[in-house]
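Colleague: Please take a close look at one part of this model, and then place that part within the chain as a whole. I should also like to know how far the coordinates may be trusted.

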Amino acid sequence: MANLTSLEDMVLAIAGSIMNAQHMVEKAQVANIASFFTDDKQPTTIELKLPAIHSTAKPGDMLHYRLPLLSLVPHSSLIIGEAEIDLDMELGAFEEQDRSGHNESIMSQTGMAAPASRKAGLMVSPASANNGSRDRNIAHVKLKLQATEKSDGLARLLNDVVKEQGPTGLVQE
């Protein structure tokens with residue numbers, strides 16, 4: 001059995017890769033939203049002339065109308081909603097490891113509820129699982145990760161930008 005790693009490390013690596021991919025998707029979405037703003041952080045708008053329809057409008061009166069481009073196109077949030085990893089791996093021995101990455105000041109207050117200072121890790125070898133030998137311990141592992149709901153910050157931004165849309169005054173001909 002070559003190239004042993006802990007199952008925990010393998011799951012963390014897979015989850016980390018998926019989180020990094022989601023981060024790249026989110027960065028692309030932010031860049032897309034940013035393209036609808038000027039360098040001085042104002043919404044990019046187009047100015048239109050529309051017929052004035054208010055009660056005191058005279059025939060032929062026109063209004064200047066400012067329309068943010070952001071409000072003209074749909075903006076949906078893309079997320080990796082579900083990722084499924086299906087693999088076979090050779091099982092190795094349990095290996096005791098030091099527990100790390102915890103807050104000592106909190107752990108000292110947890111008493112009997114504190115986890116042990118050492119933990120067991122299952123060692124696995126994903127590369128050698130398909131060798132065909134029947135005398136090894138082979139496990140089939142299926143990981144399924146799901147994303148949670150995203151913030152409604154984009155909806156709030158769109159709502160505030162749309163509030164800026166509207167007439168800016170009468171056109172003087």
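Modeller: The account below begins with confidence and overall architecture, then takes up one helix with its surroundings, and ends with the surface and the charged pairs.

This is a predicted model, in which local features require a pLDDT of at least 70 and side-chain atom pairs count only at pLDDT 80 or more, whereas totals for chains, interfaces and linings use all residues. Residues are numbered from 1 along each chain as its sequence is written, and side-chain values use heavy atoms, with hydrogens and water left out. The mean pLDDT of the protein (the predictor's confidence in each residue, from 0 to 100) is 77, and 82% of the residues score at least 70. Among the elements, strand E2 has the highest mean, 89, and strand E6 (residues 138-146) the lowest, 68. Where pLDDT is low, the predicted coordinates should not be read in detail.

The protein has three helices and seven strands; these are DSSP runs numbered from the N terminus, helices being H or I runs of at least four residues and strands E runs of at least two. Along the sequence, they follow the order β-α-β-β-β-α-β-β-α-β. Of the contacts (heavy atoms within 4.5 Å) between residues at least 6 apart in sequence, 77% join residues at least 24 apart. Of the 173 residues, 20% are buried, where buried denotes under 20% relative accessible area, exposed over 50% and partly exposed the range in between, with a 1.4 Å probe and protein chains only.

The close look concerns helix H1. The largest nonpolar core comprises seven residues: Met10, Ile14, Ile18, Ala83, Leu87, Met89 and Val124. Two elements, helix H1 (7-34) and strand E4 (82-98), each give two or more residues to this core. Such a core is a set of buried Ala, Val, Leu, Ile, Met, Phe, Trp, Tyr and Cys residues joined through side-chain atoms within 4.5 Å. In soluble globular proteins, nonpolar side chains tend to be buried together.

Further along helix H1 come Ala28 and Gln29. Gln29 counts as buried because its relative accessibility is 19%, whereas Ala28, at 47%, is partly exposed. Beyond its neighbours within four places in sequence, Gln29 is in contact with Ser76, Ser77 and Leu78. Leu78 also figures in a second pairing: its C-alpha atom is 9.8 Å from that of Ala28, although 50 residues separate the two along the chain.

Strand E4, the partner of helix H1 in the core, also holds Glu84. This residue is partly exposed, at 43% relative accessibility, and its C-alpha atom is 7.0 Å from that of Lys142, 58 residues away along the chain.

The loop between H1 and E2 contains Lys41. Lys41 has a positive phi, near 65°, and is not a glycine. Most residues other than glycine have a negative phi, and most peptide bonds are trans. Lys41 is exposed, at 68% relative accessibility.

On the surface, the protein exposes about 12,500 Å², of which carbon and sulfur atoms supply 55%; such areas come from the Shrake-Rupley method with a 1.4 Å probe, only the protein chains shown counting as cover for residues. Ile46, Leu48, Leu50, Leu72 and Val73 form a nonpolar patch of about 350 Å². Patch residues have over 30% relative accessible area and no salt bridge, with nonpolar side chains (Val, Leu, Ile, Met, Phe, Trp, Tyr) joined within 5 Å and like charges within 9 Å. Leu50 belongs to strand E2 (residues 45-51) and is partly exposed, at 32%.

There are two salt bridges, each defined by a side-chain nitrogen of Lys or Arg within 4 Å of a carboxyl oxygen of Asp or Glu. Side chains of opposite charge can pair when their charged atoms come close. One bridge links Asp152 to Arg156 at 3.6 Å, N to O; Asp152 is partly exposed at 43%, and Arg156 is exposed at 55%. The other links Asp160 to Lys163, with closest N and O atoms 3.8 Å apart. Both of these residues lie in helix H3 (residues 153-164), three residues or about one turn apart. Asp160 is partly exposed at 48%, while Lys163 is exposed at 61%.
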